[in-house]
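Me: I've just opened this one and don't know my way around yet. Could you walk me through it, one question at a time?

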Amino acid sequence: MPKELITHETGYPDAWVCVCKNTPVDHGFFPCDKNGNEMEPLKGSDWNGLYVCANCGRIINQSTLEVVGKNPNTKVLA
Ligand SMILES: [Zn+2]
């Protein structure tokens, strides 16, 4: 599978733009586990810096902005 990267607004590294065009002010992104299910990124948890796109379910590594997987049926926290 070819490597996919998301982008961000010029000059705003936190203003992510997913491959599907989702942004933080649109559907947003949530911290998730390696399976793409939303989780609390608490200290001491096994969170490893992954976020899931709430629109398409792409799983994103926050340090590289690389798409590392996809879970279109992501479970969100209540
Ligand atoms: Zn997306």
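Me: Let's start with G49. Which loop is G49 found in?
Reply: Keep in mind that this is a predicted model. Across the chain, G49 is in contact with N61, Q62 and S63, leaving aside neighbours within four places in sequence. As for its own spot, G49 sits in the loop between β4 and β5.

Me: Does G49 count as buried or exposed?
Reply: The cut-off for exposed is 12 or fewer C-beta atoms within 10 Å. G49 has 11 such neighbours inside 10 Å, so G49 counts as exposed.

Me: How far apart in space are G49 and D33?
Reply: Along the sequence, G49 and D33 are 16 residues apart. Going from C-alpha to C-alpha, the distance between them is 8.5 Å.

Me: What kinds of elements does the chain have, and how many strands?
Reply: Reading from the N terminus, the elements go β-β-β-β-β-β-β. There are zero helices in the protein chain, and the number of strands is seven.

Me: What is the strand order in the open sheet of five strands?
Reply: The pairing in this sheet is antiparallel. Its edge strands are β1, residues 4-5, and β4, each pairing on one side only. Reading across the sheet, the order is β1-β7-β6-β5-β4.

Me: Let's go through the pairs. How many bridges join β4 to β5?
Reply: These two strands run antiparallel. One spot to look at is F30, which stands opposite V52 in β5. The number of bridges joining β4 to β5 is four.

Me: Next pair over: which residue in β6 is the bridge partner of L50?
Reply: β5 and β6 are antiparallel too, joined by three bridges. In their hairpin there are four residues between the strands, and G57 takes a positive phi near 85°. Back on the strands, the β6 partner of L50 is N61.

Me: And in β7, which residue is the bridge partner of I59?
Reply: β6 and β7 run antiparallel and are joined by four bridges. R58, for instance, has K70 as its bridge partner in β7. For I59, the partner is G69.

Me: Which residue takes a positive phi in the hairpin of β6 and β7?
Reply: This hairpin has four residues between its strands. The phi in question is near 60°, and the residue that takes it is L65.

Me: That leaves the β1 side. What is the bridge partner of E4 in β7?
Reply: β1 pairs with β7, residues 66-70, in the antiparallel sense over two bridges. In β7, the partner of E4 is V67.

Me: Is L5 buried or exposed?
Reply: L5 is found in strand β1, and it touches L65, E66 and V67, not counting residues up to four places away in sequence. L5 has 11 C-beta neighbours inside 10 Å, so L5 counts as exposed.

Me: Now the inside. Which strand gives the largest share of the largest nonpolar core?
Reply: In soluble globular proteins, nonpolar side chains tend to be buried together. Here the largest nonpolar core has 12 residues, among them I6, W16, F29 and V67. β4, β5 and β6 each supply at least two residues of this core. The largest share, four residues, comes from β5.

Me: Which residues in the loop beyond β3 should I look at, say D26: how exposed is D26?
Reply: D26 is found in the loop between β3, residues 16-17, and β4. Its C-alpha atom is separated by 21 Å from that of S63, 37 residues along the chain. With 14 C-beta neighbours inside 10 Å, D26 counts as partly exposed.

Me: Last one, for the whole chain: what is the radius of gyration?
Reply: The C-alpha atoms fill a box of roughly 30 × 25 × 25 Å along the principal axes, and 19% of the 78 residues count as buried. Because a compact globule with 78 residues would have a radius of gyration near 12 Å, the chain agrees with that expectation: its value is 12 Å.

Note on methods. Residues are numbered from 1 along each chain as its sequence is written. This is a predicted model: local features need pLDDT of at least 70, side-chain atom pairs count only at pLDDT 80 or more; totals for chains, interfaces and linings use all residues. A nonpolar core is a set of buried Ala, Val, Leu, Ile, Met, Phe, Trp, Tyr and Cys residues joined through C-beta atoms within 7 Å. A residue is buried if 20 or more other C-beta atoms lie within 10 Å of its own, exposed if 12 or fewer, and partly exposed in between; C-beta atoms are placed from the backbone. Two strands pair if DSSP finds at least two bridges between them. Two residues are in contact if their C-beta atoms, placed from the backbone, lie within 7 Å. The radius of gyration is taken over C-alpha atoms; the globule rule is 2.2 Å times the number of residues to the power 0.38.
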